[in-house]
2 protein chains.
Amino acid sequence: MGKILRINTKDKSFKFEEVPEEYAGLGGRALTSKMVLKEVPATCQPLGKFNKLVFAPGLLTGSPAANSGRLSAGAKSPLTNGIKESNAGGFAAQKLAKLGIAALVLEDKPEGNEFSTIVINNDGVEILPAGDLEKKGNYDVMESLWDKYGQKTAVLSIGQAGEQCLKGASINQADLNGRPGRAHGRGGLGAVMGAKKIKAIVIDDKGAPKSELADPEAFKAANKKWVNMLRSHPVSGEGLPAFGTAVLVNVINEAGAFPTKNFRTGRFEHAKEISGEKMAEVITERGGITSEGCHPGCVMKCSNVYNDKDGKVLTTGFEYETIWAMGAHTTIKDLDDIAMLDRLCDDYGMDTIEIGVTLGIAMEGGMIEWGDGKAAIELLEKVGAYAPEGKIIGNGALFTGGALGVDRVPEVKGQAFPAYDPRSCKGVGVTYATTPQGADHTAGYGVTANILGVGGNIDPHKKEGNIELSQNLQIATAAVDAAGLCLFVAFPVLDDADGVPTICEMLNARFGLSLTPDDVVALGKQILNDEKEFNRLAGFTKVHDQMPEMFKESFPPHDTTWDFSDDELANTLNF
Amino acid sequence: MGKILRINTKDKSFKFEEVPEEYAGLGGRALTSKMVLKEVPATCQPLGKFNKLVFAPGLLTGSPAANSGRLSAGAKSPLTNGIKESNAGGFAAQKLAKLGIAALVLEDKPEGNEFSTIVINNDGVEILPAGDLEKKGNYDVMESLWDKYGQKTAVLSIGQAGEQCLKGASINQADLNGRPGRAHGRGGLGAVMGAKKIKAIVIDDKGAPKSELADPEAFKAANKKWVNMLRSHPVSGEGLPAFGTAVLVNVINEAGAFPTKNFRTGRFEHAKEISGEKMAEVITERGGITSEGCHPGCVMKCSNVYNDKDGKVLTTGFEYETIWAMGAHTTIKDLDDIAMLDRLCDDYGMDTIEIGVTLGIAMEGGMIEWGDGKAAIELLEKVGAYAPEGKIIGNGALFTGGALGVDRVPEVKGQAFPAYDPRSCKGVGVTYATTPQGADHTAGYGVTANILGVGGNIDPHKKEGNIELSQNLQIATAAVDAAGLCLFVAFPVLDDADGVPTICEMLNARFGLSLTPDDVVALGKQILNDEKEFNRLAGFTKVHDQMPEMFKESFPPHDTTWDFSDDELANTLNF
């Protein structure tokens, strides 16, 4: 199942290793989390030499399976101080898989200040001075590297935020048009790459042998069923392609779970102005692209290209979470301002959720005015200017709250909340609190049965059933992340009894195995146990699975509160 | 034993309560830690409404016992997120005791932004608008309040740092001349006072009844013995009065344990220029005061007044820890620059250890140049200017390391190291790691037997005996802090078998008790257990009792390393 490529960033050496027994059969998040647990001392400094940055394509990545091109990145997070897995689309996962690389590991840390670029292709590995890419944003970096190494090569890079080792820094991937619209956003992994002084990684699979399938016919049949399943579900087949993830703005707002003005109320009076419907209208009007895949082989195509008033590309991969964080959370209602904030985050390399929430905290602390999009843009530009304000903002919501003396910060384990209020969407609230990743909706997207009516219906305002919902989703998601599949396959998979068996059929046909759905569940649990064990060794206790004090406030319009006891949460994910 | 005065900072009400059974017989740190454990939810936001700020004079405070005028302040620390006790001299402890107030507790938190001043006297309590004291430094605040309420009234106040809720903020006390030379420095308690919007507390004991002694004759005899003991020991009777605490500069430098340039080496080539001997010379030359008590009734008088070149007061209470942190740690060698940095910390209300270490981190991160005193002064002035740089620096060393991507930060539990390298002074190193307070030398001053030859001799470079040394000192110190005694009484007490029995005699004569030295040890253990329990509930594990990664580096000139195992440290303070 490929080799492990280890790059020592201190002495600029590299080596290919056989996958050892303890990592055999793992991919994506299963592999990054296992390697981080086994190889990174849990109490190490996240920006120090003992941390490692691990990239791993999923188990289905590199095969023809639809929507299987996600790349997992893992490390000890400088944001949460716990384990982190953050996955993204782009070209890198498939190219690494085709080069036979099961994991790419960046180790140690140089003593000097010069950045390097890593180039990986079928001939081997080069570690070159980054030269004039230093201090450049991701837009420039990717353009420059595509010019040099060819269009459609995979590029992973950090912008000014990662270079400064800010805890909100992302690792961005060139999207299908060579722009930094895809990101390993959460958990500050860009800062880990920055600490290791790696500016960019270029991956080219030219000349690599075609990846083998153990049973090509069986694979083809399973994948056909798979594609049909994805295309026929109303969310993955209709809603997402038409409006992108921003289709959720009106839905979540309607449900009263759309956190507005730093989680004070669940409805934003200007929701319509920043909705997916509105966005699609603007994109069409200005000649952008409403529907684009985040990686080759995607059949949902929920990404997009958003142009400015002059028809020039303003931003790409403009997502619901970003629009919420930069919009309702900050009460900014101008979609163009929000798009510019998204672009700046992509360019400087920052997580749009973390930084959007941070802008709201900056407003809470009086640094800028509520709803002032221009002021927010100016403030964010301080990151690119290496200015002190940028060193506050770029370090995320909790840090900015610390700088400004704000005690109302929506975060768990140091990571800012996504776009669903935990009081009025309790399934995802349980996930925020208990996932080893820090507050994260993708770790167990309870919005499904809470609000979207996918995979059942569980009252979002009541406790009943929501711990089980979150737990089951966390297990399933971990397995999906290990397969390298896009999280949104969950919509059809949750609604179709044939979903998980079909994934098993593809895995079995690829590797000649005989996995069953029970094995998938066991894999999901194993991943979560590895991650929990790392966090335990890093000093986490059940105290770190609690909600911040602010969620004791009653939340309009449904006047819900967070009412799970510490013990109820502490008993989640115990298997 | 007095009453508890509770002030609700939200509705500006107050009440006097009888001391309940569970707090009976406690004072100083014993009382603040017990109250924080019992009344503050361990997982609360330190700057939120559920935290409480507790002030308690010691058990001997208010009596004629020499050196018994220390006031303990306690809360959940915004710096460490654990329990905090920080004690200081000044007038407040004795005046509270004379007013019969066993503890003053600030509760809740106002919603508005206006600051208040609390005035406590024999007639009761007033909570008044702070008015034009807002945004003023402690020098102005204290001058203004002495003008209004009379010289020698006790003043506790916060400067601009506390108003901004910065984690390095102190609560300062008017010293004997009404300047802010005394501070509850460690742990950011100034930010807690700032969050509760209390700018200053004025305490006047005019008209209060004289405090009663159960056996005046016995007390007098014990105190006489006590004074003789303090005066006849070479450290408390000679070294400290002559050169202040800065007498340690040459001593610790000579021992090779004087951390220089962010803990890279144990000797500073310019140590003599910033030594206590040099300081005494400059003070004398410029007409300052070389020896002054930090509170009435002090017989050691290790405080001082340091004038500038024109003979004008530049700073007061100019201490070893400050001179080390602002000096050797940053490689600033100009004593006047260091004195100005001390003055700014007193004025803005910031812990000189935390902020001195922070300035070194700012140098490590390239914000200013190593050794540049003028640049350090300019940077510190950003705190008074409410500028973004100030919001970084004022939040301490770990925070500043986070802002600048520096992974070499000397801290445990978020609190910066004091002036002794743990590798070449292992007794105090064990204290840094294991005290519930976060890195703190005063919690168990192993320098005594390691370097000063007080209370025995234990090799500072070897592990043997140093866990026991730290543990015994931590127990003894907790009891000393409960008594309201100055920590430096430890020098004679450790060398004189009659030390602890004499303290017991004073306590017994004051309260009509029959305490023995065993009771004192039991009290010390109880305090530590209360503090550890709070931290456990707050989510601390043995992981938080470890040294940062940087102390794996070998430390010149003795080439020592930190070599205690996690388990060895985890078994400290287990009783």
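## Contact between the domains of chain A

In this predicted model, 38 residues of domain 1 of chain A are in contact with 34 residues of domain 2 of chain A. The domain 1 side of this contact draws two or more residues from each of α3 (138-149), α4 (160-163) and β11 (182-184) of chain A. Of the elements, α4(A) gives the most to the side of domain 1 that touches domain 2, with three residues.

By residue class, the side of domain 1 of chain A that touches domain 2 of chain A holds 22 polar residues, eleven nonpolar and five charged.

## Domain layout

Domain 1 of chain A covers residues 3-203, and domain 2 of chain A covers residues 240-419. The C-alpha centres of domain 1 and domain 2 of chain A are 25 Å apart.

## Relation between the two copies

A turn of 180 degrees, with a shift of 0.0 Å along the axis, lays chain A on chain B with an RMSD of 0.0 Å. The two copies are therefore related as by a two-fold rotation axis. Within chain A, A:P388 has the C-alpha nearest the axis, at 2.9 Å from it.

## Surface shared by the copies

Which surface does each copy use to meet the other? Of the interface residues of chain A, 100% are also interface residues in chain B, so the copies meet through the same surface.

How values were computed:
Residues are numbered from 1 along each chain as its sequence is written. Chains are lettered from A and ligands numbered from 1 in the order in which they are written. This is a predicted model: local features need pLDDT of at least 70, side-chain atom pairs count only at pLDDT 80 or more; totals for chains, interfaces and linings use all residues. Copies are superposed by least squares on the C-alpha atoms of residues with pLDDT of at least 70 in both. Two residues are in contact if their C-beta atoms, placed from the backbone, lie within 7 Å. Domain bounds come from an automatic or database domain assignment. Helices (H or I, at least four residues) and strands (E, at least two) are DSSP runs, numbered from the N terminus. Ala, Val, Leu, Ile, Met, Phe, Trp, Tyr, Cys and Pro count as nonpolar, Asp, Glu, Lys and Arg as charged, and the others, Gly among them, as polar.
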